[in-house]
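Thanks, everyone, for making the time this morning. I would like to walk you through one model, slowly, and I will keep to what can be read from the coordinates.

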Amino acid sequence: MTVRRWALLLCLAGTTPPARAADPTQTVVRTKGAQAAAAFKAGDFEQALTLYRAVEPLMATLKGRETELATLRFNIARCYDELKRPVEAVAAYRRALEGLEDAALRARIEARVATLEAESLGTIEVRCDAPGAVVLLLGHGPAGDCGDRFERLPPGPYTVEGRGVTGRLDQRVVRVGPGEVVTVRLELAAVVETTPSPQAAPDRTLAIALTAGAGALLVGGVTFNLLARGAVDDGDTAYARYRAATDAAAEAAARQDAMDADDRAGRDAVISYALFGTGVAVAAGAVWAWLADDAPSAVTPAVVPGGVGLGGRF
């Protein structure tokens, strides 16, 4: 009986169809998906993200699993969101929307995307004064026009370039912060060439007046200096007569002449020095006025010791 039983079992085994082998891709997807879900539930979002991203390309190869693929991408976006990586979270949420049929979940995702974009992405507004100009955000999308907005930009530096219809080029580098709207103004209008008007000759009225005044003051100084010297000579002569006088009347007259001459000499010397000093000062002002590009023309009289001179506003 034992031999016959074993023979029957062998026959049955030979006629039984073999079990269907499991799909290795589905096995990996199922295994890693379960591990990712456990990691997410445990709060290990970095590990969950790694596992979900490993499953995503495998899931994309399976036919008829589009809804599950959209859910998987939503889970990837959730991981980015929990890890405070908003730019990558927005991109992942948008990929999840491509095949998602659940209307309620779509509404939740769209609301979350709008919030993340407002908080973490920036916008560049371009302003320029040249109709028909072409505006580019280098390395980011197609060209635009003056007044266009480049939206949903991750924080960082950007180069904005514009070219007017006349060929004029303007380029600006700007930095966009999270949730920031930056306005860039480009100068693209045609440059109008203008011929500079001939420069008017500088007004030399003050320079001429100061030169004439300095000359008059110096001449006056020389004149009074000569008068002072003449008075000194007159005094010496009167003093000699005083020494030679033989009577009291002649002696008194000579003495008075000497004193008068001495007074005149002192007075004329003081006036001479005052005129010389004022003349030198006015001459210095004249030199400045001649060297200045646009000398002021206001001339006012100035009282100086011993006479009236010329003054100007410097």
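The chain contains eight helices and eight strands, and I should say at once that this is a predicted model, so please hear every value that follows as computed from that prediction. Of the 314 residues in the chain, 32% count as buried. The accessible surface amounts to about 19,700 Å², and 58% of that surface belongs to carbon and sulfur atoms. If we take the contacts between residues at least 6 apart in sequence, 57% of them join residues that are at least 24 apart.

Let me begin with the helices and the nonpolar core. The largest nonpolar core has 30 residues, and within it Y52, Y93 and I109 touch the most other members. Which helices each supply at least two residues of this core? They are helix 2, covering 24-41, helix 3, covering 45-60, helix 4, helix 5, and helix 6, covering 103-120. Helix 4 makes the greatest contribution, giving eight residues to this core. There is also another core, lying apart from that one, which has 16 residues, among them V126, F150, Y158 and V184. As background for both, in soluble globular proteins nonpolar side chains tend to be buried together.

I would like to stay with Y93 for a moment. If we leave aside its neighbours within four places in sequence, Y93 is in contact with F74, A77, R78, D81, I109, R112, V113 and L116, and you will notice that I109, which I named a moment ago as one of the core residues touching the most other members, is on that list.

That brings me to the aromatic pairs, of which the structure holds two. In one of them, F40 and F45 meet edge-to-face, at 5.1 Å from centre to centre and with 75 degrees between the planes. F40 is partly exposed, since its relative accessible area is 21%, and buried would require a value under 20%. In the other pair, the ring centres of F74 and Y93 are 6.1 Å apart and the planes stand at 45 degrees, so this pair is classed as tilted. The two residues come from distant parts of the chain, F74 from helix 4, residues 66-82, and Y93 from helix 5, residues 86-97, with their positions 19 residues apart in the count. Are these two residues buried or exposed? Both F74 and Y93 are buried.

In the loop between helix 4 and helix 5 we find K84, whose phi is near 60 degrees, a positive value in a residue that is not glycine. For context, most residues other than glycine have a negative phi. K84 is also exposed, because its relative accessible area is 71%, and the cut-off for exposed is over 50%.

Now to the strands. One open sheet has three strands in the order 2-4-5, and its pairing is antiparallel. Strand 2, at 134-137, and strand 5, at 169-176, are the edge strands, and each has a single partner strand, so one side of each is left without a neighbour in the sheet. The twist in this sheet averages 20 degrees from one strand to the next. Strand 2 is joined to strand 4, residues 156-163, by four bridges, and these two strands run antiparallel. Within that pairing, V135 has G162 as its bridge partner in strand 4, while L137 stands opposite V160. Strand 2 also has two distinct faces, a covered one with V135 and L137 and an uncovered one with V134 and L136.

A further open sheet of three strands has the order 3-1-6, this time with mixed pairing. Here strand 3, at 149-153, and strand 6, at 181-186, stand at the edges with a single partner strand each, so again one side of each has no neighbour in the sheet. Strand 1, residues 122-128, pairs with strand 3 in the antiparallel sense over three bridges, and I124 has F150 in strand 3 as its bridge partner. F150 is also among the members of the 16-residue core.

Finally, a word on T223, which lies in helix 7, residues 205-244, and counts as partly exposed at 39% relative accessibility. The C-alpha atoms of T223 and I271 are separated by 9.8 Å, although these residues are 48 apart along the chain.

Conventions. Residues are numbered from 1 along each chain as its sequence is written. This is a predicted model: local features need pLDDT of at least 70, side-chain atom pairs count only at pLDDT 80 or more; totals for chains, interfaces and linings use all residues. Side-chain values use heavy atoms; hydrogens and water are left out. Rings of Phe, Tyr and Trp (its six-membered ring) pair if their centres lie within 6.5 Å; planes under 30 degrees apart count as stacked, over 60 as edge-to-face and the rest as tilted. Buried means under 20% relative accessible area, exposed over 50%, partly exposed in between (1.4 Å probe, protein chains only). Two strands pair if DSSP finds at least two bridges between them. Axes are lines fitted to C-alpha atoms, for helices over the stretch in contact, and angles run from 0 to 180 degrees between N-to-C directions. Contact means heavy atoms within 4.5 Å. Accessible areas come from the Shrake-Rupley method with a 1.4 Å probe; for residues, only the protein chains shown count as cover. A nonpolar core is a set of buried Ala, Val, Leu, Ile, Met, Phe, Trp, Tyr and Cys residues joined through side-chain atoms within 4.5 Å.
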